[in-house]
Amino acid sequence: MKFYEGSSTIKFSWEQVAQGLWQRYPNPESSHVLSEDTVVRKIIGHQLHSKRILTKTNRMPKWGERLINARNVSIIEESIVDPEKKELCTYTRNVGLTKVMTCVEKVIYKPSPENPQWTVAERKAWIDSKIFGFGYAIQKFGIERYKKNIHKTTLGFTYALNRLFPVVDNYVETPNSHHLTLEERKQRLKEAARETAKRAKELAQEKAGPIYAACEGVKS
Amino acid sequence: MNSVGEECIELKQTYDSCFNKWFADKFLKGLAEEDKDCSNIFTAYQSCVKKALKSQNISLAEVEKDVLGTSEENQPPNSS
């Protein structure tokens with residue numbers, strides 16, 4: 001069993017991230033996500049409990065393709081949104097190909113202690129494979145793929161959040177601005193748009209900066 | 001975004017729009033009451049998806065199983 005733990009900051013508010021979770025697909029980093037459906041949704045107390053099923057392509061190295069025929073894998077994402085605590089928790093596991101490898105990920109999103117307008121995503125993942133002879137190699141492949149994908153996941157989610165909540169706070173109406181000529185206003189808007197595009201690009205390029213604490217479990 | 005069943009796409013889009021609006025305008029503002037309109041669309045959408053899952057041999061029991069918040073949930077390894 002391989003374990004991973006890390007965290008990253010998303011420069012959007014917790015409320016925006018919670019909305020973005022449901023609307024993150026499709027995005028430029030998610031071509032491997034083929035479908036997304038909500039299968040369960042209920043309110044328990046003040047919390048929203050949901051389950052979604054996703055189909056993803058199962059990208060493997062050549063040696064894996066010799067072992068496994070399936071090109072796609074089904075994944076279940078359970079989630080609990082607590083608007084009082086401002087906590088969103090997702091728990092994702094594959095339901096297909098479990099005999100080959102199990103990949104479980106738990107993410108908790110809450111307002112960042114650094115900045116209440118930002119959100120921190122605390123991630124934990126467990127990769128396991130009990131296949132005779134190949135278990136260790138599969139686990140190693142699994143955890144490396146998972147770590148690489150965190151960056152793509154964050155880029156993709158950030159892209160979706162930028163699309164849903166474009167940053168327009170650079171241009172502020174001051175009491176004097178109504179005295180500006182049309183030309184001057186146009187110039188200010190152009191500058192603001194350039195700033196927005198620049199910020200969007202920076203946000204999209206931001207690395208996750210995870211703190212690694214991968215532990216190698218004892219082979220069973 | 002596609003649905004697991006092609007025939008469910010329209011229902012999915014209608015439901016998603018309804019839900020996203022309710023989620024932002026009501027749920028996040030503390031009004032945790034189910035929206036009747038969204039619930040009705042959801043019932044039709046769910047029924048379509050369940051049929052599609054069955055036809056693709058995906059186990060409904062496995063899909064609907066609760067793991068998060070139960071003792072089945074994975075825990076971090078002991079720090080010993």
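**The interface of chains A and B, and packing within chain A**

In this predicted model, chain B and chain A bury about 3200 Å² between them, 64% of it on carbon and sulfur atoms; buried area here is the accessible area (1.4 Å probe) that two parts lose on being put together, summed over both. On the chain B side, B:Met1, B:Leu68 and B:Asn74 lose the most area to chain A, together accounting for 22% of what that side buries. The contact (heavy atoms within 4.5 Å) draws on 42 residues of chain A and 35 residues of chain B.

A word on conventions is useful at this point. Residues are numbered from 1 along each chain as its sequence is written, and chains are lettered from A and ligands numbered from 1 in the order in which they are written. The model being predicted, local features need pLDDT of at least 70 and side-chain atom pairs count only at pLDDT 80 or more, while totals for chains, interfaces and linings use all residues; side-chain values use heavy atoms, with hydrogens and water left out.

Turning to polar interactions, four salt bridges are found across the interface of chain B and chain A, a salt bridge being a side-chain nitrogen of Lys or Arg within 4 Å of a carboxyl oxygen of Asp or Glu. One of these joins the side chains of B:Glu62 and A:Arg93 (3.4 Å, N to O). Helix H1 (9-25), helix H2 (36-55) and helix H3 (60-64) of chain B are the elements that give two or more residues to the side touching chain A; helices (H or I, at least four residues) and strands (E, at least two) are DSSP runs, numbered from the N terminus. The largest share of that side, seven residues, comes from H1(B).

Within chain A, helix H1 (residues 14-22) and helix H3 (residues 135-164) pack at an angle of about 110 degrees, with their axes 10 Å apart. Axes are lines fitted to C-alpha atoms, for helices over the stretch in contact, and angles run from 0 to 180 degrees between N-to-C directions. H1(A) and H3(A) are therefore roughly perpendicular to each other (65 to 115 degrees). H1(A) contributes A:Gln16, A:Val17, A:Gly20 and A:Leu21 to this contact, and H3(A) contributes A:Phe157, A:Leu161 and A:Leu164.

Over all chains, the salt bridge count comes to 18. In chain A, the side chains of A:Glu5 and A:Lys124 meet in a salt bridge (3.8 Å, N to O). Because A:Glu5 lies in strand E1 (residues 2-10) and A:Lys124 in strand E7 (residues 119-128) of chain A, the pair ties together parts that are 119 residues apart in sequence.

Terms used: Angles under 35 degrees count as roughly parallel, over 145 as roughly antiparallel, 65 to 115 as roughly perpendicular and the rest as oblique.
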